[in-house]
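Hi everyone, thanks for coming. Let's have a look at today's structure together, starting with the ligand and then moving on to salt bridges.

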Amino acid sequence: MGMFADRMSSVQVSATLKVAAEAERLRRAGHSVVDFSAGEPDFPTPEHVKSAAKDAIDANFTRYTAAAGIPELREAICARYKRDYGVDITAAEVLLTVGGKQALFNTALGLYNPGDEVITHAPYWPTIPEQVKLVGAEPIIVSTSSEDGFRITADAILAKVTPKTKAIILNSPSNPTGALIEEDVVAAIAKEAARRGIWTIVDLCYEQLIYEQVPHNLPKALFDHNRARTVLCGSASKSYAMTGWRAGWTIAPKELTSVFNIIQGQSTSNITSITQKAVLAAVSGSQAAVTAMLNEYRERRDNIHAWLTAHPGIKCVKPKGAFYLFPDISGLLAPGMTSTDFAQALLEKEHVVVTPGEAFDAPGYLRISYATSMEQLREGATRILRFAESLQQAATR
Ligand SMILES: Cc1ncc(COP(=O)(O)O)c(C=O)c1O
């Protein structure tokens, strides 16, 4: 018998930690490191959001709240989804969580039994399958590739359904690819899920970071067809540059929300009272800061995409949302070289930190976060291209 719980044996540590440690070592040794590994906005939290938090402290709003969150915030989230998607939600269906991460984790604890299968798609954000494993269920992965723009089809997802399928988790816009899932694909999945009694979960962490005006009303597509078994997982982290505040939410049927309430009531209780006031200002106040950040990300995306794809060995779908580029660099790899090797050598030779595709179940790719300044993007792109040239010269020598 092991010293620790059996359930921990199959769960991976974050693959990005090793790269981060090496980058830190180089930084301490005085090198100028260009860091493209950030999974968070480089912007400060908007002023009116910070003010609301300061006011909350001054007003001594510093005690326990209801485990699910304060009613006015739950109402404000309902209002936001009504405004953005035209869907009707009641406060009894909303629960505030410690980030989108706990939203997904509550969902895993509240829904999946050991032995259940939970379908999701790759390249994925690793937390999604790891949480499924943490509760003893089995992640079933549908792969997508850059050739078809990381497009997810209903057929590919539904082909994996078995009698053991408990849920389907979708993430759109996707980390790491920036791809969007189409409304009619989600509708088709939801329709079949309803027929079979399967839960549909959507991770909408990047829902406000979509670059073009494209239809992306996934809440409506899910509610129209599988209202009784849908969970929407949201987050304030990326839209409002609030990663450190730790705020997310679930929107789920009342009965399941009560289950989440029990989970949270016996573990973390409410999210920070001060954070709740800040999120209230974020979701119900002006969205101008969101638009400003989105405009800046778009410009960065267009530039870094153009700079890198100037190299014929780098193929890259232009992301439609989030703030990551996910280039296919398999054309640059020498025989036997992996994208992890590539990322390691890039770090050693050029001091550029990227996350290898292996971390997202997608070998042959790199994830480049453009949540960093234009100067850093320019400098990093120069170094990556120089490194790519050096590899090619070595190959032809
Ligand atoms: C796809 C995806 N979902 C959810 C999250 C959760 O973030 P948070 O817990 O900060 O809300 C992240 C953060 O990286 C993410 O990339």
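Okay, start at Arg246: one of its polar side-chain atoms is 2.7 Å from an oxygen atom of the ligand. That's a polar contact, meaning a pair of N or O atoms within 3.5 Å. Tyr206 does something along those lines, with a side-chain N or O atom 2.9 Å from a ligand oxygen. And Asp203 has a side-chain N or O atom 2.5 Å from a nitrogen of the ligand. Put the protein around it, and 93% of the 400 Å² of accessible area that the ligand has on its own gets covered; those areas come from the Shrake-Rupley method with a 1.4 Å probe.

Before I go on, a word on the model: it's predicted, so local features need pLDDT of at least 70 and side-chain atom pairs need 80 or more, while totals for chains, interfaces and linings use all residues. Residues are numbered from 1 along each chain as its sequence is written, and side-chain values use heavy atoms, leaving out hydrogens and water.

So how many residues surround the ligand? There are 13, and the closest are Gly100, Asp203, Ser235, Ser237 and Lys238. Being near here means having a heavy atom within 4 Å. Of the shell residues, three are nonpolar, six polar and four charged, with Gly counted as polar. Helix α4, residues 99–111, gives the most to the shell, with three residues. Helices here are DSSP runs of H or I, at least four residues long, and strands are E runs of at least two.

Now, salt bridges. Side chains of opposite charge can pair when their charged atoms come close. The rule used here is a Lys or Arg side-chain nitrogen within 4 Å of a carboxyl oxygen of Asp or Glu, and that gives 26 of them.

Take Glu72 and Lys277, with their closest N and O atoms 3.6 Å apart. This pair links helix α3 (residues 71–85) to helix α10 (residues 273–284), and the partners are 205 residues apart. Are they buried or exposed? Buried means under 20% relative accessible area, exposed means over 50%, and partly exposed is in between, with a 1.4 Å probe and protein chains only. Glu72, at 37%, is partly exposed, and Lys277, at 22%, is partly exposed too.

Last one: Lys315 and Asp328 form a salt bridge at 3.9 Å. Here Lys315 is partly exposed at 49%, whereas Asp328 is buried at 6%.

Notes:
Polar contact = N/O pair within 3.5 Å; in protein donor to acceptor, adjacent residues only side chain to side chain.
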